[in-house]
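Biologist: I am new to this structure and would like a close look at a single part. Please take me slowly through the metal sites, and give the cut-off behind each term.

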Amino acid sequence: MNQPTTAATWALRSAPAVPVTLDLRDFRRVPRSPDEYAALWQRLEPSVVRVNPTAGPRVRFDLGDEGRVAVWFLAPASAPRPLAPDTRFAIRGVLEPPEVRQACTTCRAAGATVYAPYRCYGCSDPADAQRAGRVCETHAVFLDGALHASCERHVPACRCGTRAAAWCAGPLCRGRKAWCGAHLRPHPGDPTVAYCEDCHAERFPACERDRCRGTGYIRCEHLTLSAMKACGRRVCVEHAQRWQVYGPFSRGLVLCSRHHGQLGSTPPEGLIDIVLAGTVARAGGRRGTAASERRVQLPRITIVRHILINTRRSVLDMEEIDRLFTGLEQRLRDKGQGRRDANVTTALRLLGEHRPSRRKDVERFREQHVEGRGYFDLLVQELRRTNRHELAGAVEFSDFRSNSRILWVKVPARLREAGLRDIKHLQRRVGVNINLERG
Ligand SMILES: [Zn+2]
Ligand SMILES: [Zn+2]
Ligand SMILES: [Zn+2]
Ligand SMILES: [Zn+2]
Ligand SMILES: [Zn+2]
Ligand SMILES: [Zn+2]
């Protein structure tokens, strides 16, 4: 009874091995070593020997979560029928899924090879610096604010240690630092954008005024020649005070409330120093074309005279103001001997360019002085004739502009009202326009 079986067994054993190809294209746990291949085949073999090779060249085996493996019989006709547990097989080839060079690290840990289009630097192998870690579509986490991905484990942490909520695209972080919700502040006009505290302060600085909610877009330009560092305090558009040192039609120097408040008690030399330093800063900031450099100039001394009157109620004549500039130039020249820095050089250039206009203004002032003095005397006469002796004794000549025919006079504050009364009549009698200096 047993004989034929033994004979058949022997025949099978001596029969050539059945050639097959393993098709692993739908299998997720592709073996990586000969041992793993042997282990996989051992799992498959009990099922393989139960199939009929002539029923079709390919047989599929479902391995659940791991996917499917197919076995191709390369020569079904010559295979023993039926296959037996001791049939020998020869694996002639393996069809593997296309190699995924950029595989998700998270998926790989779960035994799957999945294409990962994004980088996760946290997943990078420290031993293989060339190859950044990868993360797949499913496992990629994106925070708001920038298109950097990471896997769940490597979501960046805020400086405080908490998991970050968004990247800060502010001027300091530039999308490279992420912060938690508690350390982000929304863009005032766009709730979808947030910045860290520092970037928010840089981008939307608070106005220096108490309780002002405005953004301090403007910086105080106050500086002095001895320390060419601008105050820089931030002021909103509404609270910015321009010191109109370049006349009424040019942008004056922006000052914070503290520096604006100090002007009145700063001596004329100090005020001229601030004007010169501010002009040097502007000239330096626009370096480039010679034409734009030429446009930055010191204000003419006719304007400076009014600046001094308006800011500190000092009425100086043109010669005195000219001497302030000449004195400043001399001090800079003495100080700059030997080690001359760029600011001193610019200051001396500006002062040099300023000199001819000063000379002209002084000259014209002298001429107008003579003419203006004549009108001034007429004014005083007219005041005495109308019995306004107190005003006649207190009024002072300030300036005369022959082009606009304006006589500037100075009247003490207590007499201003009396002086303004009847001014039309006085103008008619004297024959020129009369303006009262604010002083
Ligand atoms: Zn993945
Ligand atoms: Zn990662
Ligand atoms: Zn930031
Ligand atoms: Zn935080
Ligand atoms: Zn403000
Ligand atoms: Zn300031």
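Modeller: What follows goes through three zinc sites in turn. The model is predicted, so local features need pLDDT of at least 70 and side-chain atom pairs count only at pLDDT 80 or more, while totals for chains, interfaces and linings use all residues. Residues are numbered from 1 along each chain as its sequence is written, chains are lettered from A and ligands numbered from 1 in the order in which they are written, and side-chain values use heavy atoms, with hydrogens and water left out.

I begin with the zinc ion (ligand 2), which is coordinated by Cys120 (SG), Cys123 (SG), Cys151 (SG) and His154 (ND1), at 1.9 to 2.3 Å. Donors here are N, O and S atoms within 2.8 Å of the metal (3.2 Å for Na, K and Ca), and because water is not among the atoms, sites may look incomplete. The four donor atoms around this ion subtend angles of 97 to 120°, which makes the arrangement tetrahedral, a term used for four donors if all angles lie between 85 and 135 degrees. For comparison, the ideal angle for four tetrahedral donors is 109.5 degrees. Along the sequence, the donor residues of the zinc ion (ligand 2) are spaced C-x2-C-x27-C-x2-H. Cysteine 120 sits in the loop between strand 5 (118-119) and strand 6 (134-135), and histidine 154 in the loop between strand 8 (149-150) and strand 9 (166-168), so this pair ties together parts that are 34 residues apart in sequence. Helices (H or I, at least four residues) and strands (E, at least two) are DSSP runs, numbered from the N terminus.

Next comes the zinc ion (ligand 5), whose coordinating atoms belong to Cys207 (SG), Cys212 (SG), Cys236 (SG) and His239 (ND1), at 2.1 to 2.3 Å. Its site is tetrahedral, with angles of 102 to 115° among the four donor atoms, and its donors follow the spacing C-x4-C-x23-C-x2-H. Cysteine 212 lies in the loop between helix 4 (197-203) and strand 13 (218-219), and cysteine 236 in the loop between strand 14 (234-235) and strand 15 (241-243), so the two tie together parts 24 residues apart in sequence.

Finally, the zinc ion (ligand 6) is held by Cys220 (SG), Cys231 (SG), Cys256 (SG) and His259 (ND1), at 2.1 to 2.3 Å. The angles among its four donor atoms are 99 to 121°, and the site is tetrahedral. The donor spacing for the zinc ion (ligand 6) is C-x10-C-x24-C-x2-H. Cysteine 220 and cysteine 231, 11 residues apart, are each in the loop between strand 13 and strand 14.

Terms used. Four donors count as tetrahedral if all angles lie between 85 and 135 degrees; four count as square planar and six as octahedral if opposite donors are over 155 degrees apart and all others between 65 and 115; anything else is irregular.
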